[in-house]
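Thank you for making time this morning. I would like to walk through one chain with you, starting from a single strand and working outwards, and I will leave the backbone oddities for the end.

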Amino acid sequence: MPNPKYDVIIVGAGPAGIFAALELSERLDLRVAIFDKGNAIDKRRCPAREGKECAHCQPCSIMTGWGGAGAFSDGKLTLSPASGGHLGDLLGEEQAQALIDEVDRMYVSYGADRPVYGEHTDEFELLEKRSALAGLRLVSVPIRHIGTERSSEIMTRMHDDLVRRGVQVSTRTPVARVLINGGSVTGVEVEDGQTIEAARVIIAPGREGADWLKSVAAELGLSLTCNPVDIGVRVELPATVVEPVTELLYEFKFLYYSKSFDDLVRTFCVCPYGEVALEYAGGVTTVNGHSYADRKTYYTNFALLVSKNFTEPFDDPVTYGQSIARLANLLGGGVIVQRLGDLESGRRSTPERLRRSIVTPTLRSATPGDLGLVLPHRHVVNILEMMHALDEVMPGVCSRHTLLYGVEAKFYSNRLKLTEKLETEVEGLYACGDGAGITRGLVQASASGLLAARAILGE
Ligand SMILES: Cc1cc2nc3c(=O)[nH]c(=O)nc-3n(C[C@H](O)[C@H](O)[C@H](O)COP(=O)(O)OP(=O)(O)OC[C@H]3O[C@@H](n4cnc5c(N)ncnc54)[C@H](O)[C@@H]3O)c2cc1C
């Protein structure tokens with residue numbers, strides 16, 4: 001290509017794309033552009049976050065725009081390769097940890113100077129022993145909690161820095177295609193049909209862009225493999241019930257293999273004193289959670305997820321997960337909430353029963369209903385077994401008033417075949433972050449952006 005307009009185009013302004021741009025823009029002579037289909041950060045407004053109904057905005061302001069899904073995420077930085085992605089498998093634990101520490105220092109330099117929870121202490125070991133007696137494995141993962149509002153401030157500072165360094169930032173610019181010639185990348189085509197040339201392209205489209213990435217892979221002949229799908233519920237209970245553990249670890253990570261099916265069930269995304277939130281992706285409404293750094297509720301919420309890997313001939317776990325979430329949307333008009341006591345008694349929760357509960361749902365738009373009509377029997381059994389195991393470590397978890405919201409689903413993108421430098425099978429085309437199926441969280445997504453950028457700088 002004689003003289004492309006850009007040296008590097010980055011598709012997606014989530015943590016992966018932003019960290020790639022931060023690294024590349026250290027070289028002031030490089031012409032770097034970053035395109036995102038969503039809004040600029042100050043234009044990202046979600047009606048559901050302002051106590052109204054989800055308006056199904058296109059593009060969704062929670063999942064797209066400057067900062068990606070990370071901008072309004074809970075801002076929990078997971079500082080270990082044991083959680084949040086596959087970088088440990090790709091690079092080896094030691095190298096992955098070094099990269100994670102570097103990413104953490106970068107977040108801190110932009111304002112994430114909050115305490116780290118969950119380091120290995122004597123109290124941790126005691127809890128580990130008690131958990132083992134209940135059949136639970138407690139995983140040690142240090143977490144730095146930034147908080148939802150501070151996360152978006154950090155993303156704004158990164159944006160301003162990149163613009164100062166001359167990076168071209170374009171929001172509301174969906175990339176339609178990746179262009180190649182003779183096996184090498186040549187640029188991208190944006191949705192209005194305009195072609196923009198670049199010597200290198202990094203695609204970082206997140207979970208929101210997973211379907212788009214699948215179509216790119218089909219067009220360019222890139223290999224994809226399946227990741228598992230995680231389906232379950234979000235649990236909400238009085239914060240005091242789990243306080244002894246959240247005070248110690250902030251985010252507890254328990255793993256459990258069910259007696260009935262030997263399936264893996266795990267806790268995920270613990271939000272102490274937080275709120276349950278809606279998530280809208282791929283045409284279905286699911287549930288999630290977050291906590292603010294400076295605003296507290298009386299409740300803590302966390303996800304309980306059942307991991308399912310499928311074998312041949314089935315190769316579409318995302319559609320499987322979406323179908324279950326769609327069933328909840330069909331029955332409840334969105335997300336369903338049920339008291340644990342009602343689920344165990346085989347009856348639906350009604351507004352009247354919910355009013356008698358000692359837990360007031362923080363997600364007010366959830367419809368009282370029956371998750372037993374939505375989740376596969378196998379998932380219900382797995383979840384109830386794990387709730388009872390957790391109750392042994394944190395008495396009160398299995399109160400009949402505990403609320404379960406469904407469906408929570410984690411759709412991990414199909415995994416692209418990548419080299420250890422994150423280059424695809426097309427020369428000069430790199431992929432990183434959750435969309436490439438190699439990460440599942442802010443820190444590893446950011447780290448993968450650094451990796452892709454360094455591979456390009458090293459060429
Ligand atoms: C509510 C919520 C809370 C979360 N809380 C946490 C947490 O506390 N800790 C944690 O570690 N993780 C959390 N996560 C997950 C975390 O946000 C993601 O793992 C992370 O943002 C992934 O980064 P990414 O850059 O790969 O993708 P994303 O952040 O999803 O960014 C991808 C970007 O690409 C853009 N895009 C997609 N397709 C195109 C296209 N064709 N053209 C142009 N642009 C495109 C999208 O608009 C999006 O902005 C949370 C997620 C959500 C939704």
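**Strand 10 and its surroundings**

Let me begin with a hairpin in what is, I should say at once, a predicted model: strand 9, residues 184-190, pairs with strand 10 in the antiparallel sense, over three bridges. Within that pairing, Glu 189 has Thr 195 of strand 10 as its bridge partner. Four residues separate the two strands of the hairpin, and in the turn Gly 193 has a positive phi of about 95 degrees.

Strand 10 itself spans residues 195-203, and it is mostly covered, with seven of its nine residues buried. It also has parallel partners: strand 1, residues 6-11, is joined to strand 10 by five bridges, and here Val 11 stands opposite Ile 203. Strand 22, residues 429-431, runs parallel to strand 10 as well and is joined to it by three bridges, with Leu 429 of strand 22 standing opposite Val 201.

**Two open sheets**

Elsewhere in the chain there is an open sheet of eight strands with mixed pairing, and its order reads 5-13-14-17-12-20-18-19. At its edges are strand 5, at 137-138, and strand 19, at 367-368, each of which pairs on one side only. Inside that order, strand 18, residues 336-339, and strand 20, residues 403-411, pair in the antiparallel sense over four bridges, and Ile 336 has Gly 406 in strand 20 as its bridge partner.

Which strands does helix 7 touch as it packs on the sheet? Helix 7, residues 239-249, touches strand 12 (229-238), strand 14 (264-271) and strand 17 (299-308), and its direction makes about 110 degrees with that of strand 12. Helix 8, residues 317-332, lies across strand 12, strand 18, strand 19 and strand 20, and runs at about 150 degrees to strand 20.

There is also an open sheet of three strands, in the order 3-6-4, with antiparallel pairing. Because strand 3 (76-78) and strand 4 (116-117) each have a single partner strand, one side of each is left without a neighbour in the sheet. Strand 4 and strand 6, residues 143-145, are held in register by two antiparallel bridges, and Val 116 stands opposite Arg 144 in strand 6.

**Domains and the ligand**

At the level of the whole chain, the domain assignment gives domain 1, made of 6-117 + 146-225 + 414-458, and domain 2, made of 228-411. Their C-alpha centres lie 28 Å apart, and the contact between them takes 19 residues from domain 1 and 19 residues from domain 2. On the side of domain 1 that touches domain 2, helix 5 (residues 148-164) gives the most, with three residues; by class, that side has seven nonpolar, four polar and eight charged residues.

Where, then, does the ligand lie with respect to domain 1 and domain 2? Both domains give residues to the shell around the ligand, so it lies between them. That shell holds 44 residues, the closest being Gly 14, Gly 68, Gly 206, Gly 209 and Gly 433. Among the elements that give two or more residues to the shell are helix 1 (15-24), strand 3 and helix 12 (442-458). By class, the shell divides into 16 nonpolar, 19 polar and nine charged residues.

**Backbone oddities**

To put the last points in context, most residues other than glycine have a negative phi, and most peptide bonds are trans. In this model, the peptide bond from Gln 58 to Pro 59 is cis, with omega near 0 degrees, and Pro 59 has its place in the loop between strand 2 (32-35) and strand 3. A cis peptide bond also joins Gly 406 and Val 407, with omega about 15 degrees, and Val 407 lies in strand 20.

As for phi, Asp 262 has a positive value of about 60 degrees although it is not a glycine, and it is found in the loop between strand 13 (254-257) and strand 14. Is Asp 262 buried or exposed? Because it has 8 C-beta neighbours inside 10 Å, Asp 262 counts as exposed. Tyr 273, in the loop between strand 14 and strand 15, also has a positive phi, near 55 degrees, and with 16 C-beta neighbours inside 10 Å, Tyr 273 counts as partly exposed.

Key:
Residues numbered from 1 in each chain as written. Predicted model: local features only at pLDDT ≥ 70, side-chain atom pairs only at ≥ 80, totals over all residues. Buried ≥ 20, exposed ≤ 12 C-beta atoms within 10 Å, placed from the backbone. Pairing = 2+ DSSP bridges. Contact = placed C-beta atoms within 7 Å. Axes fitted to C-alpha atoms, helices over the stretch in contact; angles between N-to-C directions. Near = placed C-beta within 6 Å. Nonpolar A, V, L, I, M, F, W, Y, C, P; charged D, E, K, R; others polar. Domains from an automatic or database assignment.
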